[in-house]
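Hi everyone, thanks for coming. I'd like to walk you through a structure today, so have a look at the screen.

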Amino acid sequence: MTPRDDSESPEPRRSRWSDLDRPPLNAAALRRALVREGGLWRELDVVQRTGSTNSDLVARAAAGGGAGGGGRGGGRGLGEGVVLVAEEQSAARGRLDRKWVAPARSGLFFSVSLRPGDAGVPMERWGWLPLLTGVAVATGLARAGGVDTGLKWPNDVLVTVGGEERKAGGILAEATGDGGVVVGVGVNVSLRADELPVPTAGSLGLAGAVSTDRDPLLRAVLRGIEDWYGRWRAAGGDAGACGLQEAYAAGCATLGRVVRAELPGDRALVGEAVAVDGDGRLVLATEAGVQEPVGAGDIVHLRAG
């Protein structure tokens with residue numbers, strides 16, 4: 001048998017262990033740790049590569065849930081408590097359809113399915129889901145990674161690298177059309193300086209995390225989502241009653257800052273971010289002396305308050 005010369009192959013097959021600093025996740029171990037009777041998570045899969053975990057779960061919901069798509073949620077659509085993790089995404093999306101690019105196994109890339117309506121949470125309170133997830137992400141990363149993070153309203157995870165505030169993660173919530181919501185999370189964990197997609201990006205490693213082991217990081221974040229989602233759902237989506245509103249405000253790097261809100265319809269509003277209200281909206285105090293809530297828009301931090 002003639003040995004193959006990989007130099008002649010345009011795309012040599014990459015081993016799962018090709019980067020020893022970035023070992024693959026162990027799906028079986030994660031399932032043993034997180035999937036339990038009576039818990040939120042009922043199904044957890046890890047795929048090597050996909051376009052977007054959010055798109056995959058939304059498509060499964062549209063198709064009636066696919067394999068194992070029943071479960072909680074009365075057998076409709078995708079059901080609640082499905083977790084899909086990808087080692088690499090080729091078409092990951094953030095808010096406003098922005099692309100999210102990162103090398104394989106360099107971060108946490110996953111989506112979860114939730115059905116707050118089945119527990120009686122009014123739809124007008126579902127805007128808290130990305131904020132709830134942000135609190136869980138920040139808490140989990142601090143606990144398992146030993147790194148301080150800040151939350152930029154409504155969906156960015158910030159770290160400090162060399163004294164500079166940088167984005168290390170993002171959260172995207174999408175309605176599935178069958179009464180559910182898919183929430184996706186992307187966090188740069190071990191991304192190196194020469195791998196940054198833009199100079200304003202960061203990672204846990206660059207921010208001095210004591211650990212960049214993705215397994216305990218993912219477990220901590222998913223347990224945090226389960227905990228906060230359970231509290232919020234039990235309170236009927238009342239973020240004030242369950243402590244979520246206070247927890248988010250405590251970790252929100254946007255509050256106290258002068259910001260520019262770029263709103264739908266090419267409008268812009270400048271003011272000091274003074275609160276996050278009961279519906280999860282950012283309240284801006286403008287120079288005109290009015291407090292105006294912003295429910296959707298792109299927020300630019302201008303300076304500290």
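Let's start with a small puzzle: which residues does Thr286 touch, not counting residues up to four places away in sequence? The ones to find are Leu269, Val270 and Gly271. Thr286 itself is found in the loop between E12 and strand E13, which covers 291-294. And although it is in a loop, Thr286 counts as buried, because its relative accessibility is 14% and the cut-off for buried is under 20%.

Okay, some background before we go on. What you see is a predicted model. The chain has 5 helices and 14 strands. Of its 305 residues, 49% count as buried. Now take the contacts in the chain with a separation of 6 or more: residues 24 or more positions apart account for 65% of them.

Let's stay around E12 for a moment. Strand E12 is residues 282-285, and Leu282 lies in it. Is Leu282 buried or exposed? Buried, with a relative accessible area of 0%. Leaving aside neighbours within four places in sequence, Leu282 is in contact with a whole list of residues, including Trp153, Thr254, Leu255, Ala273 and Ile299. Val294 is also on that list. Leu282 and Val294 are 12 residues apart in sequence, and their C-alpha atoms are 5.1 Å apart in space.

Trp153 came up there, so let's look at that spot too. A cis peptide bond joins Trp153 and Pro154, with omega about 0°. Pro154 sits in the loop between strand E6 (150-152) and strand E7 (156-161).

Now the helices. In general, two packed helices are described by the angle between their axes and the distance between the axes. So let's do that for H3, residues 128-145, and H4, residues 214-234: their axes come within 8 Å and cross at roughly 140°. That makes H3 oblique to H4, since an angle has to be over 145 degrees to count as roughly antiparallel. The crossing of H3 past H4 is right-handed. On the H3 side, the contact is made by residues including Trp128, Leu132, Ala136, Gly140 and Ala144, and on the H4 side by residues including Leu217, Val221, Gly224, Trp228 and Trp232. How many residues of each class are in this contact of H3 with H4? There are 16 nonpolar and 4 polar residues, and no charged ones.

H4 has another partner, H1, which is residues 27-34. The axes of H1 and H4 come within 11 Å and cross at roughly 35°. This crossing is right-handed as well. Here H1 brings Ala29, Leu30, Ala33 and Leu34, while H4 brings Asp215, Leu218, Arg219, Leu222 and Arg223. By class, that contact of H1 with H4 has 6 nonpolar, no polar and 3 charged residues.

On to the inside. In soluble globular proteins, nonpolar side chains tend to be buried together. In our model, the largest nonpolar core has 63 residues, and Phe110, Leu222 and Trp232 touch the most other members. H3 gives the most to this core, with 9 residues. Which residues does Phe110 touch, again not counting residues up to four places away? Among them are Thr53, Leu84, Val85, Val183, Leu218, Leu222 and Ile225. Apart from the largest core lies another core, of 6 residues, among them Leu57, Leu78, Val82 and Leu84.

Last stop: a few more loops. Thr176 lies between strand E8 (164-175) and strand E9 (181-188). Thr176 is buried, with a relative accessible area of 11%. Leaving aside neighbours within four places, Thr176 is in contact with Ala61, Val181 and Val182.

Then there are two residues with a positive phi. Arg105 has a phi of about 60° although it is not a glycine, and phi of Asp266 is near 60°, also in a residue other than glycine. Where are they? Arg105 is found in the loop between strand E4 (99-100) and strand E5 (107-114), and Asp266 in the loop between strand E10 (257-263) and strand E11 (267-276). Their surroundings make a nice contrast: Arg105 counts as buried at 5% relative accessibility, whereas Asp266 counts as exposed at 83%.

That's it from me. Any questions?

Notes
Residues numbered from 1 in each chain as written. Predicted model: local features only at pLDDT ≥ 70, side-chain atom pairs only at ≥ 80, totals over all residues. Heavy atoms only, no water. Axes fitted to C-alpha atoms, helices over the stretch in contact; angles between N-to-C directions. Helix = DSSP H or I, 4+ residues; strand = E, 2+ residues; numbered from the N terminus. Parallel < 35°, antiparallel > 145°, perpendicular 65-115°, else oblique. Left-handed = near helix turned anticlockwise from the far one by under 90°. Contact = heavy atoms within 4.5 Å. Nonpolar A, V, L, I, M, F, W, Y, C, P; charged D, E, K, R; others polar. Core = buried A, V, L, I, M, F, W, Y, C linked by side-chain atoms within 4.5 Å. Buried < 20%, exposed > 50% of the residue type's maximum accessible area, 1.4 Å probe, protein only.
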